[in-house]
Amino acid sequence: MSVQAWTYLFVALSFGLYLFIAWRTRVRDTRGFYVAGQGVPAAANGMATAADWMSAASFISMAGLISTMGYAGGIYLMGWTGGYVLLALLLAPYLRKFGHYTVPDFVGDRYASDLARIVAVSCAIFISFTYVAGQMRGVGVVFSRFLEVDIHVGVIIGMAIVFIYATLGGMKGITWTQVAQYWVLITAFLIPAIAISIKLTGSPLPQAGLGNTIEPSIAGQSGVYLLEKLNQIQTDLGFSSYTATFVGGWDKVNVFCVALALMVGTAGLPHVLVRFYTVKSVKAARWSAFWALLFISLLYLTAPATAAFARYYMIDSLNGKTAQELPSWFENWEKTGLILWMDNGDGVMRYSAGEDNEIFRSGTLSAAELSDVRVAHQAWLDTGGAGGADGREVLRARGFSGPDRDIIVLATPEMAELASWIIALVAAGGLAAALSTASGLLLVISSSVSHDLYYRVLRPEASEKQRLAVGRGVIGMAVVVAGIFGIYPPGFVSQVVAFAFGLAAASFFPAIVLGIFSKRVGTVPAVCGIIAGIGFTAFYIIACVFFGMETWTFGLFANGINPQGIGTIGMLINFAVTLSLTPLFPRPRPEIEAMIDSVREPEEAGPAVMIEAAPER
Amino acid sequence: MATSTPVHGSRAAVALRRYWRANIRIMAVLLGLWALAGLGAGILFADKLNAYYISGTGFPLGFWFAHQGSIIVFVLLILAYCLYMNRLDKRHRRELENMDQEG
């Protein structure tokens, strides 16, 4: 069977499974719709959280980023896992004990203010929409690359699937679908990594293989460590050493700020927080944070191995080769424009950090633009430099040196010459990663609008039936809007997604932590803190990314702070504003203090608050 | 709530305060380790630690912490927190039950 036939088979099977689960888990009340009836076992919830969390970016792009960044790629590994410690220790058990539906619910009730609630709802919706548009785009990309259907058709198929299982089953359907999606995506990630690890290092554990020696048959000598060899190749070609710390723009301050912003942002993202409302008890909330990180760590401990293997394999199989010696995966992926070869006329491929580099990617160039570049380059070669234009210079000037980072995961199975069914599995895995994250985010949008805005603010007298109908309607509309964003991505989306973490770090995290651990913090200081934190962070990001503002050094650091790391500063501003205003404003009312007490109490002292009995307004 | 019957209300409050202090203490310790492993070994001291290698492997220590070590530590920290807190919850409940029996 061909790769494409296998891909159709796997995608159809996995989609069939998702729809079957959706039918089995359809719900009839808002409690099932928003929080899965709070009956999800801890391990299953952990698995769903892991799938919810690991997006198309984690699955497809992260290993590629690490592969080109080396040591500094660790910011994503540490940042996107470290947040779970904060989540487990500072937030999850308390939010479960509080026992409502959404994060804005907690902010609104704790600070007894509809203003706080609305600010929280707006943050949740904004963060979720920017994130979900990227996921829908990811669905389209996987479809178009593996199944050769139009990217728009791919997005529409993805939308239809999510639409069915999200409106039918709400959180319950989404949770159990995500459990299935976790298995699909982790299998698709691990199998190629294990196969390539055995081939390259002889170790069946890719995590250990990263620190192993290279098989003598491949390296040509025995006893050479993979990382040592990689460092040597990288420096020979003019790249910076793979394991060296703090090279280029990634100095200590920036690595620190970005990693911390990602950690804190992870703990403040609404679609992750809401998962801890879905379990049975506080104890289960703690365990499910543990399971979630354990399941996530399976992929996150493997990604750096995949990154290094692919880096070694790619340089080794391309650099210094002639057209006849090139591996077949290169030709397959050259068609997609993720990797290009602009020869200097000697027929030998060069991959380096310098001016003699001949490996590029098409980046944002259209097919027509690219073929113009190729024609001019051929003319340049034919005339010996007299006419045409050197394609290498053209592409380097556009910033398209080196292969696209997505190729690392997508082409790894082919690099390792694995069976065609494994290659097809990667497509199903990429789709599972994108769909699971998209559905979790869509539910947050739906619950923010229908529960926090419609029910808690606009129409408190709405009946259960009306609320469920509004919830379903909003999620349906959100799917359509997200799909439209996926088909016609507004330019800002791809640029802003990376900053959603900073915004979450600067807004939600301080407000929730202070809400639990301080009884003194009142409404006005908290709202001012949120507005100051998110305002500063959003200003800095927008000014730097869209208006070319110089990054700030705050008079302390050698280099300016990367906009990705500004959430760390925003969070500090939020804390500082809230804490310094607190003594000037009155204490929260006694019933709020009683609520904080009940959230802090261990579970057995009083039952976890049931939603029906929870204090309303 | 069941814990605040008038007879031993203040003793229950004392037990609750003790519970909360123990909770804060374990949190402080674990968050300290979190900062030490992730922000410390993985970033702040990574350049110094890179001079050492994990014996028998090709991992420079700082690089290893940034790419793998910190994640392993994070998983273990949450595990320790779960085990400790669930035991603390149980002990607290036993204390309250004893108070009920003593009247």
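How much area does chain A expose, and what share of it do carbon and sulfur atoms supply? In this predicted model, chain A exposes about 21100 Å², and carbon and sulfur atoms account for 63% of that.

Next comes the overall build of chain A. It's put together from 25 helices and two strands. Along its principal axes, the C-alpha trace spans about 80 × 60 × 50 Å. A compact globule of 617 residues would have a radius of gyration near 25 Å, and chain A comes in at 25 Å, so the two agree. Buried residues make up 62% of the 617 residues in the chain. As for who touches whom, take the contacts between residues at least 6 apart in sequence: 79% of these join residues at least 24 apart. Then there are the charges. Chain A carries 39 positive and 41 negative ones, and the mean positions of the two groups sit 12 Å apart.

Now for some single residues, starting with A:Gln234. This glutamine is found in helix H11, which runs over residues 226-236. With a relative accessible area of 4%, A:Gln234 counts as buried, because the cut-off for that label is under 20%. Leaving aside residues up to four places away in sequence, A:Gln234 touches A:Phe239, A:Ser240, A:Ser241 and A:Tyr242, along with A:Arg311 and A:Ile315.

Two loop residues have backbone angles worth a look. Most residues other than glycine have a negative phi. A:Ala112 isn't a glycine, yet its phi is positive, at about 45°. This alanine belongs to the loop between helix H6 (103-110) and helix H7 (114-147), and it's partly exposed, with a relative accessible area of 38%. A:Phe246, also not a glycine, has a positive phi as well, near 50°. Its place is the loop that lies between H11 and helix H12 (252-268).

Finally, the cysteines. How many disulfides does the structure hold over all chains? The count is zero. A:Cys257 shows what that looks like up close: the closest cysteine sulfur belongs to A:Cys544 and is 13 Å away, so the pair is too far apart for a bond. For a disulfide, the two sulfur atoms would have to be within 2.5 Å. A:Cys257 is also buried, with a relative accessible area of 6%. Over in chain B, B:Cys82 counts as buried too, at 0% relative accessibility.

How values were computed: Residues numbered from 1 in each chain as written. Chains lettered and ligands numbered in written order. Predicted model: local features only at pLDDT ≥ 70, side-chain atom pairs only at ≥ 80, totals over all residues. Heavy atoms only, no water. Helix = DSSP H or I, 4+ residues; strand = E, 2+ residues; numbered from the N terminus. Rg over C-alpha atoms; globule rule 2.2 N^0.38 Å. Buried < 20%, exposed > 50% of the residue type's maximum accessible area, 1.4 Å probe, protein only. Contact = heavy atoms within 4.5 Å. Areas by Shrake-Rupley, 256 points an atom, 1.4 Å probe, with all protein chains shown as cover. Lys, Arg positive; Asp, Glu negative; His and termini not counted. Charge placed at Lys NZ, Arg CZ, Asp CG, Glu CD.
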